Each structure stands twice: as structure tokens, then as C-alpha cells.
Amino acid sequence: SGPAERENSKSAIIAMQSQVSLCALCLASLVALSSQLPSAPSCSLGLRRNLVPSGLTQRSATNTHAPLRIRGGGDSDEEKEEEKAKVSLLDELKNNVSWNPADHPTAFHWALCAILNLYVAFGAPFAKYIPVLKDLALSRKPKKEKKLTKADLERMEREAIIKEQNEEFEKSLLEDKVKAQQERKKRELEEAAEKAEQEEAEAVSSVVDGYKARVEEAKQRLTAEPEAGAGVVVLRLRCPDGLQLTRRFNTEDKVGTVYDYIDVERYNAAQKAKDPTEKMVELGNEAYSLVSTRPKLTLADQTVTIASAGVTTSCALMIKPEVKE
């Protein structure tokens, strides 16, 4: 019973192959035939008529029949649509190999796809004799992966090494570029800070030098303190920083003499400060005037005498800072 069963199975397989081959051959024939047939007319009718006028023989009539086309619309558009439909069907059969009917636009497409799949599964016999069927069968055969030789592996390894080296080189270039940009930015910031520091130092030096020159001029103009007596008043001077000064002045002295005395004494006090330079910068940038509350006076004009400014008796004066223009 064993050999008989094998023989029956073999016969069944051969019969199935024959059936599938026959279906595939029919399919190829239909596709090939449909590519040659004219489209079904909707607005135009493709008709051929053998016109045999009277007086002509059957021999001449066979050479004189001519096509007659009744046009009811754009034939060229219909031909384009027909050609497009053919191409769409072939593309669908080439690209879609799914067994699932839901993956096909119509049941007809699915049936054609299933027949082709079975045909290819049984080896696609006779496909090489039918170009359309051969093309469809080849589109369904899985592509064989090329077996890599030792030379291929060595080449791939060299290419991988070269690629890795190129990536490392590009990474190194990028890092160098970023580092150079950071160093340049840092250098620019340092130069800007150095320039600002230098400008500030120059401004401080200019203010201090100007203040020292003003104090030196005040020292040269300042006269000796007079003795107590007629026409001599005692002025008590209060500075904004808490410094208090007291000195005798002649009422015929200029108001500028009082200012000179204040500048000299405040300069001397600045030399004893924690930061003399900072204190001198503060004093050099400061403008002030002398005011009295009793009597209420403002000694702003330094060219007039103390008596002319209204101070005829001893009194207290306050130094009032003003905005320096």
C-alpha cells in the first residue's frame, strides 16, 4: 500500500501542477490578448466594413477594405484610459502578492493574485515561453541573497575602518573648531575686560590728577589763619561725610578762601582713609556749596568777600553737595 499511496500522491501533485499551469497559461493568454484588443466603446464604435463597390472583383475588394470609425467623443482620451487600466492591473499583480482579499481592490484582482502565487509555488512551468507571465512570476520570487566571499568581507571591513576613521577625523575637526571658537570668545572677553579696566583706571587717574591739581592751587591761594580780633569771624564747617572743621577768617577774605580751606582739609583727611584713591575720586567728582540756616544764606559766589555774602559774625556753615555738570 505504501508505493501505491506515494504514486497516488505524486499523481495528485502532477495533476495540481497541471491545473495551476493551465490557469496561469490562460491568465497570460488573457493578459496578452487584452493588450491587443480595443477598448469597449462608450462614445466611439470601432467598426470595420468591407466595402465592395459594384464592378470590382473579390480580389480587388480584399485590397480596398478600409476602417471606418464613428466618433462620438475623444478617442484619444479613451485609449489613454484603457492603457492606464492595463498598466495598473499589471503593476497590481507585480507589487501585491498578499493572500488576504482585503489587500486587493476587487475579488478579480485577488483571484488573479492567488493563481499566480500558486503557479510560482509549483515552480512556474512554461513561464519562460510567455514574456508577460515570466515577468509576473519573477516579481514573486524571493531574491536570493548573495553569498559573501572572503574578499567581500575584507572589503567591507576595510570600508568600515575607513568610515570609522573619517568619522573620528570629522569629530576631531569639529571639536577643534568648537575649542577654537571658545578660546577666541574667551580671549575677546578678556580683552574687553582688560580694555574696560584700563579705561576705568585712566578715568580714575584723570579724576585724581585733576583733584590733586585743584588742591595744590587751593594751597597756594590759602593765606595764614588770622588772629582773633575785629573783623574776624569763626566758621564751623560740617561736611557730608561727618568731618567737622573750624577756622578763623577775616570778613574781608574772599568766599573762595573758605572753599580753598575746605578742599585742602578734606584732601588731608582723604589721605588717612582706608582707600585714599577711592576717596579722592569721590571728592574730585563732587561739587558743593556753602549754606547757613541762621542766618539763612547761600555762599555760592566765591569772588565776593565773606562780609558781602552776609556773614559778619561767627556761624556754622554746611557743605551741601550738588550735581556736578
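In this predicted model, the buried residues of helix H4 are His109, Leu112, Cys113, Ala114, Leu116, Asn117, Tyr119 and Val120. Helix H4 covers residues 107-121, 15 residues in total, and its first and last C-alpha atoms lie 21 Å apart, close to the 21 Å expected at 1.5 Å a residue. Just after H4, Gly123 adopts a positive phi of about 100°.

A second helix, H7, spans residues 255-270. The end C-alpha atoms of H7 are 23 Å apart, which agrees with the 22 Å that its 16 residues should span at 1.5 Å a residue. Of these 16 residues, 13 are buried, so H7 is largely enclosed by the rest of the structure. Asp263 belongs to this helix. Because the relative accessibility of Asp263 is 9% and buried means under 20%, Asp263 counts as buried. The side chain of Asp263 makes a polar contact with the side chain of Tyr288, at 2.8 Å.

Strand S5 comprises residues 287-293 and strand S6 residues 296-299; the two run antiparallel and are joined by four bridges. One bridge pairs Thr293 with Lys296 in S6. The connection from S5 to S6 is a hairpin through two residues.

Strand S3 (residues 232-238) pairs with two other strands, S4 and S7. In a regular strand, side chains alternate between the two faces of the sheet. The covered face of S3 consists of Val233, Leu235 and Leu237, whereas Val232, Val234, Arg236 and Arg238 form the uncovered face. With strand S4 (residues 244-250), S3 pairs in the antiparallel sense over seven bridges. From the uncovered face of S3, Arg236 has Thr246 in S4 as its bridge partner. Five residues separate S3 and S4 in a hairpin, and Gly242 in the turn has a positive phi of about 100°. The pairing of S3 with strand S7 (residues 315-322) is parallel and is made over four bridges. Here Leu235, a residue of the covered face, has Cys315 in S7 as its bridge partner.

At the surface, Leu148, Leu153 and Met156 make a nonpolar patch of about 270 Å². Leu153 is located in helix H6, which covers residues 150-221. With a relative accessible area of 47%, Leu153 is partly exposed, because this class lies between the buried limit of 20% and the exposed limit of 50%.

Notes:
Residues are numbered from 1 along each chain as its sequence is written. This is a predicted model: local features need pLDDT of at least 70, side-chain atom pairs count only at pLDDT 80 or more; totals for chains, interfaces and linings use all residues. Side-chain values use heavy atoms; hydrogens and water are left out. The expected span of a helix is 1.5 Å times one less than its number of residues. Buried means under 20% relative accessible area, exposed over 50%, partly exposed in between (1.4 Å probe, protein chains only). Two strands pair if DSSP finds at least two bridges between them. Patches are made of residues with over 30% relative accessible area and no salt bridge: like charges are joined within 9 Å, nonpolar side chains (Val, Leu, Ile, Met, Phe, Trp, Tyr) within 5 Å. Accessible areas come from the Shrake-Rupley method with a 1.4 Å probe; for residues, only the protein chains shown count as cover. A salt bridge is a side-chain nitrogen of Lys or Arg within 4 Å of a carboxyl oxygen of Asp or Glu. A polar contact is a pair of N or O atoms within 3.5 Å; within protein, one must be able to donate a hydrogen and the other to accept it, and residues adjacent in sequence count only if both atoms are side-chain atoms.
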